[in-house]
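Hi,

Here is the structure I promised to pass on. Have a look at it first, and then read my notes underneath.

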Amino acid sequence: MAQRVNDVVPAAPGVNAPDPATVHLARGGAIVLFDGVCNLCDASVRFVIDRDPRGHFAFAPLQSPEAARLLANHGHTGAELSSVLLVDGGRVYQRSTAALRIAQRLRGAWPLLTAFLLVPRPVRDAVYDWIARHRYRWFGRREACRVPTPELRSRFLA
C-alpha cells in the first residue's frame with residue numbers, strides 16, 4: 001500500500017526527510033515567498049499569520065535556498081525581490097495576483113478584495129510595482145531576515 005503525504009513519519013537518522021514545502025503543498029496548503037529583509041513584507045507576513053488561524057499559509061524568504069528550490073520545482077528560474085510570490089495548487093502567482101489570492105484565504109472581510117481581480121492585471125501590477133519600488137524608502141529594511149519566534153517556527157520553511 002502506498003504511503004500518503006499525510007501519513008509521513010519522521011525519517012530515520014541518515015535518511016533524507018521529506019521536503020517541508022512539498023508536504024505543506026500536498027496537504028492543500030500554500031506557500032508565500034517574500035522579501036525577507038523588507039519591513040513592509042515582514043509586516044505583511046505577520047498580518048497574514050494573524051488572519052490565517054488554520055495555518056493554510058507557510059512562508060519562506062525569497063533569499064532562502066528553500067525558495068529557490070521550490071521555484072525551480074515549479075519551473076521558475078529566479079524571482080525578483082520586489083514581488084511577493086504565492087505557490088498554490090501547482091501554480092505560482094506573483095505581484096498583485098499573489099496578494100489578492102492571499103487575501104482570498106484570510107479571515108474577516110479581506111476576501112472581498114478579490115473583486116480587484118476584475119481589474120486588468122497590468123493596471124493592478126502598475127500600482128503594486130509603484131509601492132514595491134518605494135517600500136525600502138517608506139518602510140525601511142533589515143540587514144538580515146527575521147528569525148521567527150518558537151511558536152511561529154513551524155509556519156516558516158526557512
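**What I found**

Aspartate 125 is buried, with a relative accessible area of 6%. I start there since this side chain takes part in a salt bridge with arginine 95, at 3.9 Å from N to O. Before going on, please keep in mind that this is a predicted model.

The two partners sit in separate helices: aspartate 125 belongs to H5 and arginine 95 to H4, so their pairing ties together parts that are 30 residues apart in sequence. Unlike the buried aspartate, arginine 95 counts as partly exposed, at 24% relative accessibility.

Which other residue pairs with arginine 95? Aspartate 129 does, with the closest N and O atoms 2.4 Å apart. That pair also links distant parts of the chain, since aspartate 129 is in helix H5 and arginine 95 in helix H4, 34 residues apart. Aspartate 129 is partly exposed, and its relative accessible area is 21%. Through these shared partners, Arg95, Asp125 and Asp129 join into one salt-bridge network.

In the whole structure a search turns up four salt bridges. One of them is found in helix H2, where aspartate 42 and arginine 46 are four residues apart, which means about one helical turn separates them. Their closest N and O atoms are 3.2 Å apart. Is each partner buried or partly exposed? Aspartate 42 is buried, with 8% relative accessible area, whereas arginine 46 is partly exposed at 38%.

Now for the inside. The largest nonpolar core has 19 residues, and Val32, Phe57, Phe59, Leu86 and Ile102 have the most contacts inside it. Two or more of its residues come from each of these elements: strands E1 (30-34) and E2 (57-61), and helices H2 (39-50), H4 (95-104) and H5 (121-139). Helix H2 gives the most to this core, with four residues. Another core lies apart from it; this one has 13 residues, including Leu33, Ala67, Leu71 and Leu85.

There is also a pocket to look at. How much space lies in the largest pocket? About 820 Å³. It is lined by 31 residues, and Ser44, Val84, Ala99, Leu100 and Tyr128 are the closest to its centre. E1, H2, H4 and H5 each supply at least two residues of that lining. The largest share comes from H5, with seven residues. So if you are browsing the model, H5 is worth following along its run: it gives residues to the largest core, it lines the largest pocket, and it holds aspartate 125 of the salt bridge to arginine 95.

On the outside, Val127, Trp130, Ile131, Trp138 and Phe139 make a nonpolar surface patch of about 490 Å². Isoleucine 131, one of these residues, lies in helix H5. Its relative accessible area is 32%, so isoleucine 131 counts as partly exposed.

One last spot is aspartate 35, in the loop between E1 and H2. At 1% relative accessibility, this aspartate counts as buried. Which residue, 26 away in sequence, is 5.5 Å from aspartate 35 in space? Proline 61, going from C-alpha to C-alpha.

Happy browsing!

Methods: Residues numbered from 1 in each chain as written. Predicted model: local features only at pLDDT ≥ 70, side-chain atom pairs only at ≥ 80, totals over all residues. Heavy atoms only, no water. Core = buried A, V, L, I, M, F, W, Y, C linked by side-chain atoms within 4.5 Å. Buried < 20%, exposed > 50% of the residue type's maximum accessible area, 1.4 Å probe, protein only. Patch = residues over 30% accessible without salt bridge, like charges linked within 9 Å, V, L, I, M, F, W, Y side chains within 5 Å. Areas by Shrake-Rupley, 256 points an atom, 1.4 Å probe, with all protein chains shown as cover. 1 Å grid on protein atoms, 1.4 Å probe; cavity = no way out; pocket = protein on both sides within 12 Å on 5 of 7 lines; lining within 4 Å. Points joined across faces, edges and corners; volume = space filled by probe spheres on them.
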